[in-house]
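User: I am new to this structure and would like to go through some of its helices. Could we begin once it is on screen?

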Amino acid sequence: MACLLEAPLRISVLSEVTATSRHYVDRLFHPDPQKVLQGVIDMKNAVIGNNKQKANLIVLGAVPRLLYLLQQGLSSSELKTEVLGSELRTEVLGSELRTEVLGSELRTEVLGSELRTEGAVVLRTEVLGSELRTEGVVVLGSELRTECVVLLGSELRTEGAVVLRTECVVVLGSLAMGTENNIKSLVDCHIIPALLQGLVCPDLIFIEACLRCLRTVFISPVTPVQLLYTDPTVIPHLMSLLSRSPRTQDYITQIFSHCCKTPEHQTVLFNHGAIQNIAPMLISLSYKVRMQALKCFSVLAYENTQVSMTLVNVLVDGDLLSQVFVRMLQRDLPIEMQLTAAKCLTYMCRAGAIRTDDRCIVLKTLPCLVRMCSKERLLEERVEGAETLAYLMEPDVELQRIASVTDHLVAMLADYFKYPSSVSAITDIKRLDHDLKHAHELRQAAFKLYASLGSNDEDIRKKITETENMMDRIVSGLSESSIKVRLAAVRCLHSLSRSVQQLRTSFHDHAVWKPLMKLLQNAPDEVLVMASSTLCNLLLEFSPSKEPILESGVVELLCSLTQSDSPALRVNGIWALMNMAFQADQKVKGEIVRALGTEQLFRLLSDPDTNVLMKTLGLLRNLLSTRPHIDQIMSSHGKQIMQAVTLILEGEHSIEVKEQTLCILANIADGNTAKELIMTNDDILQKIKYYMGHSNAKLQLAATFCISNLIWNEEGSEADAMTGCQERQDKLRELGFVDILHKLTQALDPNLCERAKTAMQHYLA
């Protein structure tokens, strides 16, 4: 694959390629290895901090040549030695120099720890342990100078070749520090497999150079992280290199942290001993190593129960890992370390490895994260602190209550919307410019934290809405250009919409339904899911927003959501329609049925997602409430509805689904004319009878409601109605329902017993 920049950039760069840039590349092809090495070194110096020069060299083809030199280093530039009995035969591959030392031309003997050499051609030779080091060899008048020749087994390796290879890697690493297009070009040239192959070399400096370059490539967002996992031998080899030096520890843990993106990646690293190999690094003398180990644990533990449960039992120098993390929360340590340690503890807590009421969470982790929200902290620290705190307390109401009264957190978060202020203490212009560009991240984090704080407790919700201009800020957030801010704002609105009081007051006063409806018109699925969830709450019976939302033509929008490929959107669409239909007038119900269509309604009744099915049954149950509505809907759609009910009762569905279906039958049985659809359907009657004798009390109760409604004789009814009632009672008696009701009057469940007794009284009446 060609190593070229993207077309627009390539055209602009090619026009600026200088003769000097070409000169650097030409020297890489010189036949003299020393000149090649010097050319690589000069190239290294030329590209430092010069992105234009880096781009020039990539366009001119430097990368393939550097990779060739890197991969050919061992085979083309090193001495190959064969030891055959008493003969020593050495040749420099490439046929420029071939030397055979036989008999009296050059005689070398190793006696104990002494090396005796005869022949003037060797300038300096010494034996060090098992290594044979040679500096300066003169053969046939030409000088071949090797910095270091190492004899390992039968292979003689020159350090000069390793130096060249190392310098090539350094240049590649420098090129990788340029633009994202540079990274793409390097990846396209297959730099990653070449560097990974280089890690088998025994030379530590070369290994460190390869790892440093790999780190630079992998931390780029344009590098496919899956390339690290393609060869199954790579991860175990990286684990084996961790102990070689502090630098290998630093680079490898950075690579792991940036390439661990999925649960599958976490599992691979975990299975190859990441925890056991990285844990000792937490007490390293090097701050860098400790910090990278901590970051690695944070990505390994995120939403991973297996890793978190293992971490909680790991000992490091006699201390539990959680205790080590807690020590890293101390205020005198760097903020980066405090934050990352708090993230590790947070993820372990969310995974169930640490209890939410554990002292290390309540007294250490939570207060630390609240401190990170202070206006004294840098923007990115405040963002990370708020988002981590939101994640920590999201499912736990007690942590939410503790956080809400810690350091005036609710009021503190209001400052996130004012940053940077006109009287900002920032004197660094670059810093101020950075913060202005990223101020939206603060608003996003504040909305997330407010959403988490107010997800359960009514008093906290009230405190949030009473915060300065809070509802106006949420409304503004719903229309921000940043999709992440819009999503966070609607999450906050959804959290507050769980409050009946806020629906009746703040939500109505600020007409939040208007920007919410606008948001629903054109948004990504993740925003649609949260916005439609919020709309479900705004359509509840007691919400003042329900009427204006109905008048805005929301029915068509909700019906379109029920056709989405996303189960979450189908659930929310049908849920909102269900809320809308609750105690609605016939006009609204008719509009829902027309807009949804019977075909789509019955398609939803066979939806494979249980939540969708349950909400559809709920919608049908709400549509079939009050006798005129029941009779009207059943007169036009009764056949299809009875077919759907039959299929559900016969299918492999949960108790909850069948209970809801029986409740629909109970509503149909409450109609004046609709009940005949049950009475004339022996199959349905037998199913009701079966569920009256079921082992589950909920199903028995729902089935008994059906019979109770069928035999009910309304006071003041006319003679023909009386006759119809009597006929129904007689038929049900013949089918054995009275005997079942009599048995159910002795049921242990008090509700079932009471309902059966009521039905029996109807018979007696």
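User: How are α37 and α40 oriented to each other?

Analyst: This is a predicted model, in which local features need pLDDT of at least 70, side-chain atom pairs count only at pLDDT 80 or more, and totals for chains, interfaces and linings use all residues. Residues are numbered from 1 along each chain as its sequence is written, and side-chain values use heavy atoms, with hydrogens and water left out. Helices α37 and α40 are roughly parallel (angles under 35 degrees count as such).

User: What are the angle and the distance between their axes?

Analyst: Helix α37 (residues 655–669) packs on helix α40 (residues 697–711) at about 10 degrees, and the axes lie 8 Å apart. The axes are lines fitted to C-alpha atoms over the stretch in contact, and angles run from 0 to 180 degrees between N-to-C directions. Helices are DSSP runs (H or I, at least four residues), numbered from the N terminus.

User: Which residues meet there?

Analyst: Contact means heavy atoms within 4.5 Å. Among the residues of α37 that meet α40 are L662 and L665, and those of α40 include L699 and F705.

User: Changing topic, which residues of α24 are buried?

Analyst: In α24 (residues 470–477), M470, M471, R473, I474 and G477 are buried (under 20% relative accessible area, 1.4 Å probe, protein chains only). These residues fall within an arc of 160 degrees seen down the axis, so they line one face of the helix. The arc is that of the directions from the helix axis to the C-beta atoms.

User: What covers them?

Analyst: The cover includes α21, α22, α23, α25 and α27.

User: And how many residues of α11 are buried?

Analyst: In α11, 11 of the 14 residues are buried.

Methods: Helix = DSSP H or I, 4+ residues; strand = E, 2+ residues; numbered from the N terminus. Parallel < 35°, antiparallel > 145°, perpendicular 65-115°, else oblique. Buried < 20%, exposed > 50% of the residue type's maximum accessible area, 1.4 Å probe, protein only.
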